[in-house]
Amino acid sequence: MNERSKTKESVRPSIATSVVGWFKNFKFSEHSTGMAFILVFILASIVGWPTFLQTRNMTNILRQVSYTGIIGLGMTLIIISGGIDLSVGSMTAFVGGITIFFLNTLPPNSHWSVLLAGVFAVIFGAFCGLFNGILVTKGRIAPFIATLGTMSIFRSLIQYFSGAGNILSVNTVYSEVGTGRFLGLPVPVWMFFIIAIILHVVLNNTRFGRYVCAVGANEQVARYSAVQVVKTRMIPYIITGATVGMTALLWSSRLNSINSSDCIYYELDAIAAVVIGGTSMTGGKGTVIGTVLGAIMLGMINNMLVLGGISSYLQQAAKGLVIIAAVLLQYNKKN
Amino acid sequence: MKENRNESLILQTRNIVKEFSGVRVLNDVTVGIRRGEIMGLIGENGAGKSTLIKIICGIYHPTLGSLAMNGSDVEINDYITAKRLGIALVPQEFNLINTLTVYENMFLGNEMVVKGGLLDKRQMRERAMVQLEELGMPIDVNLRISELSVAEKQHVEISKALLLDAGILIMDEPTTTLTGHEIKTLFALMRQLKEQGVTIIFVSHKLQEIVTICDRVTVLRDGNLITIDEVSQINEHDIARKMIGRDFQQVFPAKKIRSGDDVVLKVEHLSSGKMVKDVSFELRKGEILGFAGLVGSGRTETAETVMGLRPVSHGSITLAGKPVTIKTPRDAVSLGLGYLSEDRQGKGIVQDFDIPQNITLISLGEYLKRFLIDKRKELEKSSRYVDKFNIVAASMRMGLRYFSGGNQQKVYLARWVDTDPQILILDEPTRGIDVNAKREIYDFIHSLAESGISCIVISSEMEEVMGLCSRVYVMREGAVTGCLEGDRISEEQIMFHATGIHDTELLGRDS
């Protein structure tokens with residue numbers, strides 16, 4: 001073994017030839033998300049010239065996509081495991097509202113209160129996710145139906161608790177979380193990237209991640225290989241719940257309040273990011289990085305339409321077209 | 001060229017060759033079916049029966065060769081064409097929709113309509129009723145399929161075929177799920193159809209049935225046509241011999257006579273559902289134990305029960321003298337058990353996983369370094385298996401989907417070997433793989449046994465059981481019907497225990 005690697009070392013080609021080699025081995029089909037990302041970027045740069053490329057615009061796009069992007073990261077795991085979660089939008093509003101209730105019981109001027117509320121949001125979100133997970137695994141309800149149900153439940157609860165209006169935070173430093181910046185980047189963007197890196201490692205380098213892929217690819221194979229299928233299918237819902245909690249924290253702190261109609265259609269944006277990122281809707285295959293690119297791509301397209309002066313009413317249509325195109329690409333790759 | 005001579009043949013397969021990704025499953029098969037006869041088609045699993053039928057029905061296309069009807073060539077490109085030509089298939093797994101009624105199923109795809117495009121339900125009901133009555137099976141046509149018994153479903157399936165004026169009826173193992181009485185009724189029906197001029201191809205691996213109902217019998221083995229005989233001139237023994245007989249000394253390594261006396265696994269009175277009834281057996285250290293029997297005899301189900309994949313309703317399992325409770329596959333694996341499923345595609349490999357990912361699926365815990373998978377170790381260990389098993393792979397990173405059956409099986413086997421099992425159950429370990437890979441797997445099972453791992457080989461291939469195993473349990477209808485040892489392991493003995501036709505000289509009965 002050692003000898004072999006030594007010989008490899010000695011004949012290691014120069015950097016230039018290895019770059020050429022990398023391009024030779026480059027398979028477009030394996031990097032279609034990346035290629036699409038570059039394409040959209042170039043297109044947006046042209047349409048939105050020169051505003052699009054300005055730092056402020058860029059960070060704005062990133063901030064805009066980070067809320068649903070964070071949820072999309074958890075959703076990636078759910079979809080790879082063969083499930084789906086439609087409840088994330090209402091869950092965000094619900095968790096956000098309850099978090100503010102919790103925060104309001106704490107000392108109003110303390111940063112410790114905010115930190116505690118943050119921890120609370122993530123844990124409470126995880127419990128909401130656990131509820132979905134139990135319905136899907138123990139209750140054996142199809143994920144689509146189970147989370148359609150909880151979507152209604154969470155939305156109804158937040159409307160009830162808020163009296164169909166706003167839940168306001170009385171904390172004076174809470175909004176620092178959502179509006180703050182660190183090294184020039186908004187806090188939500190940092191969270192988006194940090195969670196992405198964590199979940200990327202979880203998916204690719206842990207036993208759990210491997211099992212999620214196996215269960216999503218073929219549940220029977222996983223069962224016959226002594227994989228704990230129920231646990232493996234449940235945990236992605238819990239993780240997604242936690243990401244929902246994070247988004248709920250960031251969103252509610254940005255405006256220092258939650259409205260009962262906040263975060264509607266978040267589930268669609270999150271799922272769209274996953275799909276555009278190349279994750280297979282039938283499960284078994286997908287990447288977290290793809291979802292990051294997918295989320296940013298959606299943001300860039302929106303931004304491009306705004307800068308290009310296209311009616312904001314048409315933005316949803318553009319998003320729809322991109323989703324359909326992404327799925328068509330996937331489908332054609334399979335055949 | 002011989003068309004004139006073949007005019008009495010309603011259907012003929014001419015030099016049919018079929019290959020699946022390079023593996024030849026049918027080799028130059030020429031069979032002529034006479035008008036109005038019942039032709040038996042018999043052979044072991046993997047002999048090519050199903051493939052041949054599917055070619056006749058247009059579901060598969062032959063790699064080489066052609067089909068002829070009434071002496072002239074026909075092209076059957078899909079099942080719809082076959083139906084139009086009067087060929088109908090009664091599949092083993094019924095093709096009926098449970099939530100629709102009997103008549104709706106019978107007319108599915110051929111609905112009768114009144115002017116304007118609405119369904120003519122009245123006439124469909126009437127015709128369905130008439131058809132069922134003609135067969136002596138007055139089933140209420142308004143019942144849903146889910147309310148019918150298995151035998152009734154079969155009659156609906158047959159009536160459905162006959163509604164289309166089928167001249168040739170192909171029945172794929174129709175008796176597997178029927179009781180003795182129902183089989184009698186079915187045979188009466190077949191005779192009646194024969195009188196009405198319907199030609200029947202009857203696929204089975206039950207000798208007795210072939211001899212009872214058929215005029216002639218075609219024997220297939222390993223994709224080759226062995227013989228076509230008049231049933232009146234042949235007996236069950238001859239058919240069995242033709243089904244099996246091959247020079248199998250070449251393929252199998254020399255049998256190991258010595259096996260330890262320590263019992264590593266003792267299963268007593270194990271029952272689970274309807275498929276495992278009061279099964280008891282013993283496995284000794286380092287032995288290769290065989291489980292023979294027909295498809296559906298409960299061998300797979302027994303193995304799955306031992307592995308914790310099915311609930312134990314009764315009975316006990318003892319490992320190396322210690323009674324154990326196995327509720328999940330995880331329990332089984334941690335106790336040193338392994339089970340290579342017969343369904344490689346559906347329950348074995350992950351198609352989109354590459355070689356290392358597939359091999360380490362169960363033993364992944366061994367590759368963790370602070371919660372993270374040590375991918376270098378994974379790759380190194382997998383490379384060793386690739387060398388050891390002679391797995392032909394263009395790249396370690398390629399999905400298993402693109403591998404041949406034999407290479408997939410070796411990867412699957414490597415996964416279990418990597419769990420370091422004490423006992424390995426191999427269910428149809430050589431199904432659907434070519435002869436060379438088969439031989440390699442046999443050698444490998446041997447080396448496993450030599451290294452002290454006790455193996456159970458479940459196989460429907462007679463010579464596999466005979467060539468590999470020092471002892472053989474035979475199962476039928478969920479129960480163990482015999483245990484054979486040494487010289488008593490022979491085709492006849494196994495066949496008789498498996499089919500229930502007992503030889504009086506036999507002593508190896510457990511019951």
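This report describes chain B of a predicted model, one of its sheets, and the contact between chains A and B.

## Overall form of chain B

Chain B contains 17 helices and 22 strands. Its C-alpha trace spans about 75 × 55 × 50 Å along the principal axes. For 511 residues, a compact globule would be expected to have a radius of gyration near 24 Å; the value for chain B is 25 Å, which agrees.

Of the 511 residues in chain B, 45% count as buried. When contacts between residues at least 6 apart in the sequence of chain B are considered, 69% join residues at least 24 apart.

## A four-stranded sheet

Chain B includes an open sheet of four strands in the order β12-β11-β14-β15, with antiparallel pairing. Strands β12 (276-284) and β15 (322-324) of chain B each have a single partner strand, so they form the edges and one side of each lacks a neighbour in the sheet. From one strand to the next, the twist averages 20°.

Within chain B, strand β11 (residues 263-272) and strand β14 (residues 314-319) run antiparallel and are joined by five bridges. Ser271(B) lies opposite His314(B) in β14(B). Helix α9 (residues 299-306) of chain B packs on this sheet and touches β11, β12 and β14 of chain B. The direction of this helix makes about 110° with that of β11(B).

## Contact between chains A and B

In the interface, 16 residues of chain A are in contact with 21 residues of chain B. On the chain A side, the elements that contribute two or more residues are α10 (207-217) and α11 (219-224) of chain A. By class, this side of chain A comprises five nonpolar, seven polar and four charged residues.

Definitions and conventions
Residues numbered from 1 in each chain as written. Chains lettered and ligands numbered in written order. Predicted model: local features only at pLDDT ≥ 70, side-chain atom pairs only at ≥ 80, totals over all residues. Pairing = 2+ DSSP bridges. Axes fitted to C-alpha atoms, helices over the stretch in contact; angles between N-to-C directions. Contact = placed C-beta atoms within 7 Å. Nonpolar A, V, L, I, M, F, W, Y, C, P; charged D, E, K, R; others polar. Rg over C-alpha atoms; globule rule 2.2 N^0.38 Å. Buried ≥ 20, exposed ≤ 12 C-beta atoms within 10 Å, placed from the backbone.
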